[in-house]
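Visitor: Could you take me closely through one part of this model, the surface that faces one of the nucleic acid strands, and then place that part in its wider setting?

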There are 2 protein chains.
Amino acid sequence: MDSENVMTIREMCEAFDVTPRTLRFYEAKELLFPLRQGQRRLFTRRDRGRLKLILRGKRFGFSLEEMRQLLDLYDRGDAQEEQLRRTYEVARERLAQMESQRDELNEAIEELRGQLEWGAEMIASFRRPAAE
Amino acid sequence: MDSENVMTIREMCEAFDVTPRTLRFYEAKELLFPLRQGQRRLFTRRDRGRLKLILRGKRFGFSLEEMRQLLDLYDRGDAQEEQLRRTYEVARERLAQMESQRDELNEAIEELRGQLEWGAEMIASFRRPAAE
DNA sequence: AGCAAAGTTGACGTTAACGTAAGCGAAACG
DNA sequence: CGTTTCGCTTACGTTAACGTCAACTTTGCT
């Protein structure tokens with residue numbers, strides 16, 4: 001399917017279900033580094049690995065900037081011990097954020113549900129509070 | 001504290017813990033309709049009631065536009081039956097949205113937690129997938 | 001009178017992650 | 001050789017909810 005283990009932008013789009021714009025955007029943000037054959041981009045296996053991680057990160061709620069930092073950290077591949085711990089921390093922080101976000105959401109849900117259970121009372125709370 | 005049951009912008013800010021910019025913004029978006037004494041805004045009891053509901057709505061995750069529509073709906077105060085039901089529906093839809101959002105969040109949390117429990121495996125997933 | 005405080009109206013800036021369109025070059029196909 | 005097709009770059013648009021000036025006018029107080 002590919003002569004030298006590289007993929008065109010369109011092949012990438014189909015493989016990962018993203019738009020060309022997205023790939024170019026990621027390159028501009030220095031998340032991917034496709035080779036060039038003249039003007040055209042050729043995505044290597046490395047790019048594919050990075051993209052996979054980027055998309056996984058997105059599911060976890062990491063921003064592109066956070067993912068870039070994580071990827072860069074390990075691309076240098078030095079000072080392993082320390083770097084690995086940092087990543088681990090970042091991931092755990094993110095987990096904590098997500099949990100607190102979920103809790104907030106749950107509170108809001110409970111509050112709203114409470115109003116709904118009061119039936120018409122809830123609706124009344126949306127009405128003009130007393131006439132003037 | 002107020003001659004005719006109206007409040008200045010600053011009094012409102014302190015009472016509701018918002019900035020002047022916010023109140024002017026809400027007015028621009030037709031969520032509030034303060035009176036004018038020359039140039040200055042005077043917020044009535046009605047504005048305070050609306051603001052209270054707006055802030056409550058925000059806690060529930062309603063957008064300002066959604067709140068505007070709800071408030072407008074009841075400001076006209078006609079066709080009560082139908083309107084009330086519409087509001088009720090909107091609220092329930094929002095509740096459903098929030099619940100599905102929470103569920104997604106939970107999935108992401110579980111997924112991330114799963115990786116963390118695998119300890120170093122998780123970290124490895126952030127490393128460059130094999131050298132070239 | 002004089003000055004600081006409070007208020008006002010623009011209007012541009014911010015953030016994220018792309019969408020979208022214009023205008024152009026190269027390449028593959030028949 | 002002509003024409004789709006693919007791709008490229010540049011650059012403005014989008015969305016929400018305000019933040020942050022700048023440049024005035026008005027009020028309140030001494």
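Guide: What follows is a close look at the protein surface near DNA strand D, and then at some residues and one chain around it.

The model is a predicted one, and every value below is computed from it. Around DNA strand D there are 18 residues, and those that come nearest are Arg10(A), Arg40(A), Arg41(A), Thr19(B) and Tyr26(B). On the nucleic acid side, 70% of the atoms of DNA strand D that come within 4 Å of the protein belong to sugar and phosphate. Sorted by class, the residues of this surface are nine charged, five polar and four nonpolar.

Three side chains can be followed to the phosphates individually. In Arg41(A), a side-chain N or O atom is 2.7 Å from a phosphate oxygen of DNA strand D, and for the side chain of Tyr26(B) the corresponding distance to a phosphate oxygen of that strand is 2.7 Å. For Arg24(A), the distance between a side-chain N or O atom and a phosphate oxygen of DNA strand D is 3.1 Å. The elements that contribute two or more residues to this surface are, in chain A, helix H1 (9-16), helix H2 (20-28) and strand E2 (40-42), and, in chain B, helix H2 (20-28). Of the contributions to the surface, that of H2(B) is the greatest, at four residues.

Two residues with an unusual backbone angle deserve a separate note. Asp17(A), which is not a glycine, nevertheless has a positive phi of about 55°, and its place is the loop between H1 and H2 of chain A. Asp17(A) counts as exposed because its relative accessibility, 70%, is over the 50% cut-off. In chain B, Glu30(B) likewise has a positive phi, of about 60°, without being a glycine, and it sits in the loop between H2 and strand E1 (35-37) of that chain. The relative accessible area of Glu30(B) is 48%, so this residue is classed as partly exposed.

Glu30(B) also leads to a residue in another element of chain B. Arg68(B) belongs to helix H4 (residues 64-76) of that chain, and, once neighbours within four places in sequence are set aside, it is in contact with Lys29(B), Glu30(B) and Leu31(B). Between the C-alpha atoms of Arg68(B) and Leu32(B), which are 36 residues apart along the chain, the separation is 9.1 Å. Arg68(B) has a relative accessible area of 22%, and therefore counts as partly exposed.

The cysteines can be treated briefly. A disulfide is a covalent bond between the sulfur atoms of two cysteines. Over all chains the count of disulfides is zero. Cys13(A) is buried, because its relative accessibility of 8% falls under the 20% limit, and Cys13(B), with a relative accessible area of 8%, is buried as well.

As for the wider setting, chain A has six helices and two strands, which follow one another along the sequence in the pattern α-α-β-β-α-α-α-α. Chain A has 132 residues, of which 39% count as buried, and it exposes about 8100 Å², with carbon and sulfur atoms supplying 47% of that area. Among the contacts in chain A between residues at least 6 apart in sequence, 44% join residues at least 24 apart.

Technical notes:
Residues are numbered from 1 along each chain as its sequence is written. Chains are lettered from A and ligands numbered from 1 in the order in which they are written. This is a predicted model: local features need pLDDT of at least 70, side-chain atom pairs count only at pLDDT 80 or more; totals for chains, interfaces and linings use all residues. Side-chain values use heavy atoms; hydrogens and water are left out. A residue is near a molecule or strand if one of its heavy atoms lies within 4 Å of it. A polar contact is a pair of N or O atoms within 3.5 Å; within protein, one must be able to donate a hydrogen and the other to accept it, and residues adjacent in sequence count only if both atoms are side-chain atoms. Ala, Val, Leu, Ile, Met, Phe, Trp, Tyr, Cys and Pro count as nonpolar, Asp, Glu, Lys and Arg as charged, and the others, Gly among them, as polar. Buried means under 20% relative accessible area, exposed over 50%, partly exposed in between (1.4 Å probe, protein chains only). Contact means heavy atoms within 4.5 Å. A disulfide is a pair of cysteine sulfur atoms within 2.5 Å. Accessible areas come from the Shrake-Rupley method with a 1.4 Å probe; for residues, only the protein chains shown count as cover.
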